[in-house]
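Colleague: I would like a close look at one part of this model, the nonpolar core and what surrounds it. Please start with the chain as a whole, then work inward.

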Amino acid sequence: MQLHGKALNLRIQCGETDKYENQPLYEAIVYAARKEGMAGATVFRGVMSFGPSHSIHTIKIFALGGDLPVLIDITDTEERIRKFIPTVEELMEESGKGGLITSQEVEVHRYLPGKKHRKEE
């Protein structure tokens with residue numbers, strides 16, 4: 001797959017414990033992105049957050065909330081991202097949890113597979 005020049009970056013924020021059916025929501029989104037042939041997806045685990053409820057979510061032992069933030073980052077062509085957004089919305093809606101979906105234009109400078117390493121003989 002070629003990806004160079006103008007593209008769209010999709011960011012999905014949800015909670016680490018949010019579920020879709022019997023799996024973490026972030027996993028369901030990544031597997032859906034893979035199934036759709038997206039260029040790639042990365043999940044980041046946050047250490048602290050708050051959202052519309054203003055409840056603090058943190059890794060600290062004595063904090064009020066423990067549901068850590070998760071960020072799913074996907075970059076692909078604008079057409080593919082826009083086509084994928086309804087899938088993300090559906091997964092989030094069915095999970096019954098809140099979240100945030102944003103997108104922004106980006107410039108892709110490099111998207112190439114790494115060199116394959118050969119075993120030393």
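What percentage of the 121 residues in the protein chain is buried? And which residues have the most contacts inside the largest nonpolar core?

Modeller: Buried residues make up 31% of the 121. This is a predicted model, so confidence comes before detail. The mean pLDDT of the protein chain is 86. Of its residues, 82% reach 70 or more. Helix 1, residues 25-35, has the highest confidence, at a mean of 97. Strand 6, residues 57-58, has the lowest, at 64. Where pLDDT is low, predicted coordinates should not be read in detail.

Next, the layout. The protein chain has 2 helices and 8 strands. Their order from the N terminus is β-β-β-α-β-β-β-β-α-β. Take the contacts with a separation of 6 or more: 75% of them join residues 24 or more positions apart. On the outside, the chain exposes about 9,000 Å². Carbon and sulfur atoms supply 51% of that area.

Now the core. The largest nonpolar core has 20 residues. Leu10, Ile12, Ile29, Ile74 and Phe84 have the most contacts inside it. Strand 1 (5-15), helix 1, strand 7 (69-76) and helix 2 each give two or more residues to this core. Helix 2 gives the largest share, 6 residues.

Leu10 is worth a closer look. Set aside residues up to four places away in sequence. Leu10 then touches Ile72, Asp73 and Ile74, among others. Its partners also include Ile81, Phe84, Ile85 and Val88. Ile101, Thr102 and Ser103 are on the list too.

Helix 2 spans residues 78-95, and Ser95 is found in it. Ser95 counts as buried because its relative accessibility is 14%, under the 20% cut-off. Beyond its neighbours within four places in sequence, Ser95 is in contact with Lys19 and Leu25.

Strand 7 also takes part in a pocket. The second largest pocket has a volume of about 180 Å³. Strand 7 supplies the largest share of its lining, 3 residues. Strand 4 (41-45) also supplies at least two. Asp73, Ile74 and Thr75 are among the lining residues. So are Leu3, Ala39, Gly40, Ala41 and Thr42. Val108, Arg110 and Tyr111 line this pocket as well. Ile74 thus appears twice: among the core residues with the most contacts, and in the lining of the second largest pocket.

Methods. Residues are numbered from 1 along each chain as its sequence is written. This is a predicted model: local features need pLDDT of at least 70, side-chain atom pairs count only at pLDDT 80 or more; totals for chains, interfaces and linings use all residues. Side-chain values use heavy atoms; hydrogens and water are left out. pLDDT is the predictor's confidence in each residue, from 0 to 100. Helices (H or I, at least four residues) and strands (E, at least two) are DSSP runs, numbered from the N terminus. Buried means under 20% relative accessible area, exposed over 50%, partly exposed in between (1.4 Å probe, protein chains only). Contact means heavy atoms within 4.5 Å. Accessible areas come from the Shrake-Rupley method with a 1.4 Å probe; for residues, only the protein chains shown count as cover. A nonpolar core is a set of buried Ala, Val, Leu, Ile, Met, Phe, Trp, Tyr and Cys residues joined through side-chain atoms within 4.5 Å. On a 1 Å grid over the protein atoms alone, a cavity is a set of points where a 1.4 Å probe fits but cannot get out, and a pocket is an open set with protein on both sides within 12 Å along at least five of seven lines; lining residues have an atom within 4 Å of a point. Grid points are joined across faces, edges and corners, and a volume is the space filled by probe spheres set on the points.
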